[in-house]
Amino acid sequence: MFELIGIPPQALFGQLLLGLINGAFYALLSLGLALIFGLLNIINFSHGAQYMMGAFVAWLLLQYAGLPYWGALILAPLVVGAFGVVVERLMLRRLYDLDHLYGLLLTFGLALVIEGGFRHVYGISGQPYAIPPSLQGGTNLGFMFLPTYRAWVVVASLVLCLGTWAVIEKTRLGAYLRAATENPTLVRAFGINVPVMITLTYGGGVALAGLAGVMAAPIYSVNPVMGSNLIIIVFAVVVIGGMGSILGSVITGYGLGLVEGLTKVFWPEASSTVIFVIMAVVLLIKPAGLFGRA
Amino acid sequence: MNGRIIAAAALAIGILAPFTGIYTVFLMKALCFALFACAFNLLLGFAGLLSFGHAAFFGLAAYITAHGVKEWGLTPELGILAGTAVAAVLGLGFGGLAIRRQGIYFAMITLALSQMVYFFCLQAPFTHGEDGIQAVPRGYLFGFIDLMQPMNMYYTVLAIFVFGFAVIHRAVHSPFGQVLKAIRDNEQRAISLGYRTERYKLAAFVLSAALAGMAGSTKALVFQLASLTDAHWHASGEVVLMTLLGGMGTIAGPAVGAFLVVAIQNYLAESGAWVTIIQGVIFIIVVLSFRRGILGEVVGFVAKRKPLEPRPASAITSE
């Protein structure tokens, strides 16, 4: 087998694939954050906890109701999204007239409650979630082995990201959403029910996080802290990309996942910090973020 | 006048507290966190900047002090100075980056940067990874005060807290503090009045980071331990909670919040998961129902004739 700059190709492409998968999750989560921030002006700190909830709901459904992966893929995001709708109606709604920081603090508290609750019941050891039978196995591409499930995750998240982009940019509903982001009062004057739209946007963004959690369950073990470590990286991704554009956050998510994967090959010790270093550099050169509007 | 009487009473309580039978380790831990929270509040309460990464200064300073005292044989006062100095330098770097953005971005950037420090503490050889630096000698303060004596250690911690608190009080009630409040309330206006607001924000950040580091260094001596817990984002969240619970606009509120949060950790909850849940619930309750915090509500109650309104959206950040 040939070698590239002293790195066996299996290792190189294996890490690149892993980076692409991490990038898929960064993209999905930062997309949801950007959606919610656009309309609610709130940074949803509990996004990571809701991603973890998605994975746990899928696991619980399999464990106690025998519902397989495909069913969980639909039901778990609905459960998490419904939870989001309740949170928005009961709590976030009261904060819209206040400083944005209060939304951050409230959702941070919510994240602590969710994470602590799952930790209390299930411990931190993590629960295994089997890959569904139809997606087991893999293909030998000659230069690397491609597990089917991982290929599915990359493709599915790409479709999801592009689908969300299309809904927001190309449909009537998306046009309302963009208009309400710019000027909610005016949109209300046209007879559109903006409060309901806000509730559903929060629910939708949160459901997207739950869906990412279900897709992550067979790859990472299902454990209560899986979201909190991820969300900090996603925050850095959001700072790097800027929250101005949907496509921007998708591209930044995938790109940074790949960069992280490459770093793992060439300088493993730095792989956990490389995204934060990139964030610092971007702040120095273009403080508004790569795709951000100042 | 009232303020002086209250301050004197608080100091008297601090001096007499060890004789009431309260566990001195609890008191020392609470004092360290009280200084940490007051330092943090200099930034949030008086400059309107929410840092979600203050554990980086607290935790790294603890490591520096522990390493200096244990491996290089530094005296306790030099160890604390070294930790404080490193925290200040780190604060200069982080502050310089973070003040390029405002509001929620500021919070996200400080959180991400502090996570970088966490990974550094996890991987650097001198920190001993998951074990932390254990069995740190307390040594002799100024060469002759034996800090292994609990009373000596307690009064040292109390003195450090009073010193730190005095620095913060002085800063808040100086022209510098007035400019910070002006920036908090309306940054554009402060700029138009000719103030270089970035310099003021950076100075506040460095001062806050240095004092947070001093608190972390002191804690390392008290517990003879520097560990990853102090550098973790949970610690950053805890200091936000202490400040919010006690009252972020008030100068002594964060200390009150720190005592309550540490008391919950020590006396109420047996497991780590329950501490997390309780802290989360307190966060939610405070944000939804009394945003001025305990001391803020008390002050508001006393001055009922002209009640303090919760600050409007534009007052905390300038976005």
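This is a short tour of a predicted model with a chain A and a chain B, starting with chain A and ending in the loops.

Hi everyone, and thanks for coming. Please keep in mind throughout that we are looking at a prediction.

Let's begin with chain A as a whole. It is built from 11 helices and two strands. If you walk along the sequence, the order is α-α-α-α-β-β-α-α-α-α-α-α-α, so four helices come before the strands and the other helices follow them. How compact is chain A for a globular protein of its length? Its radius of gyration is 19 Å, close to the 19 Å that the globule rule gives for 294 residues, so chain A is as compact as a globular protein of that length. Along the principal axes, the C-alpha trace of chain A spans about 65 × 50 × 35 Å.

Now a look inside. Of the 294 residues of chain A, 47% count as buried. There is also a good number to remember about contacts: taking those in chain A with a separation of 6 or more, 76% join residues 24 or more positions apart.

Let's zoom in on one pair of helices in chain A. Helix 2, residues 47-65, packs with helix 4 at an angle of about 35°, and the two axes are 9 Å apart. Their crossing is left-handed. Which residues meet there? From helix 2 of chain A we have A:Gly48, A:Ala49, A:Met52, A:Met53 and A:Phe56, and across from them in helix 4 of chain A are A:Ala111, A:Ile114, A:Glu115 and A:Phe118. Sorted by class, this contact has seven nonpolar residues, one polar and one charged.

Helix 4 of chain A comes back when we turn to the partner chain. How many residues of chain A are in contact with chain B? The count is 35, and they touch 37 residues of chain B. On the chain A side, helix 4 (100-122), helix 9 (226-241) and helix 11 (274-285) each supply at least two residues. Helix 4 of chain A gives the most, with 16 residues. By class, the chain A side of this interface has 22 nonpolar, seven polar and six charged residues.

Over to chain B, and another helix pair. Helix 4 of chain B, residues 76-98, and helix 5 of chain B, residues 103-123, have axes that come within 9 Å and cross at roughly 145°. This crossing is right-handed. The residues that meet are B:Phe94, B:Leu97 and B:Ala98 from helix 4 of chain B, with B:Phe106, B:Ile109, B:Thr110 and B:Leu113 from helix 5 of chain B. That contact divides into six nonpolar residues, one polar and no charged.

Next, two helices of chain B that make a nice contrast in burial. Helix 6 of chain B, residues 150-172, has 23 residues and reaches 33 Å from its first C-alpha to its last, close to the 33 Å expected at 1.5 Å a residue. Its buried residues include B:Met153, B:Val157, B:Ile160, B:Phe161, B:Gly164 and B:Ile168. A quick reminder that may help when you look at it: an α-helix has 3.6 residues a turn, so residues three or four places apart point the same way. What do the buried residues of helix 6 of chain B pack against? They pack against helix 2 (24-47), strand 1 (140-141) and helix 9 (197-223) of chain B.

B:Met151 also sits in helix 6 of chain B. Is B:Met151 buried or exposed? With 10 C-beta neighbours inside 10 Å, B:Met151 counts as exposed, because the cut-off is 12 or fewer. The C-alpha atoms of B:Met151 and B:Ile282 are separated by 33 Å, and the two are 131 residues apart along the chain.

Helix 1 of chain B, residues 2-16, has 15 residues and reaches 21 Å, close to the 21 Å expected. This helix is hardly covered, and its count of buried residues is zero.

Finally, the loops. Most residues other than glycine have a negative phi. A:Asn41 has a positive phi, near 60°, and lies in the loop between helix 1 (9-40) and helix 2 of chain A. In chain B, the phi of B:Gln224 is also positive, near 55°, and B:Gln224 is in the loop between helix 9 and helix 10 (233-246). A:Asn41 is partly exposed, with 17 other C-beta atoms within 10 Å. B:Gln224 is partly exposed too, with 17 such atoms within 10 Å.

That's the tour. Thanks for listening!

Methods:
Residues numbered from 1 in each chain as written. Chains lettered and ligands numbered in written order. Predicted model: local features only at pLDDT ≥ 70, side-chain atom pairs only at ≥ 80, totals over all residues. Contact = placed C-beta atoms within 7 Å. Nonpolar A, V, L, I, M, F, W, Y, C, P; charged D, E, K, R; others polar. Axes fitted to C-alpha atoms, helices over the stretch in contact; angles between N-to-C directions. Left-handed = near helix turned anticlockwise from the far one by under 90°. Expected span 1.5 Å × (residues − 1). Buried ≥ 20, exposed ≤ 12 C-beta atoms within 10 Å, placed from the backbone. Rg over C-alpha atoms; globule rule 2.2 N^0.38 Å.
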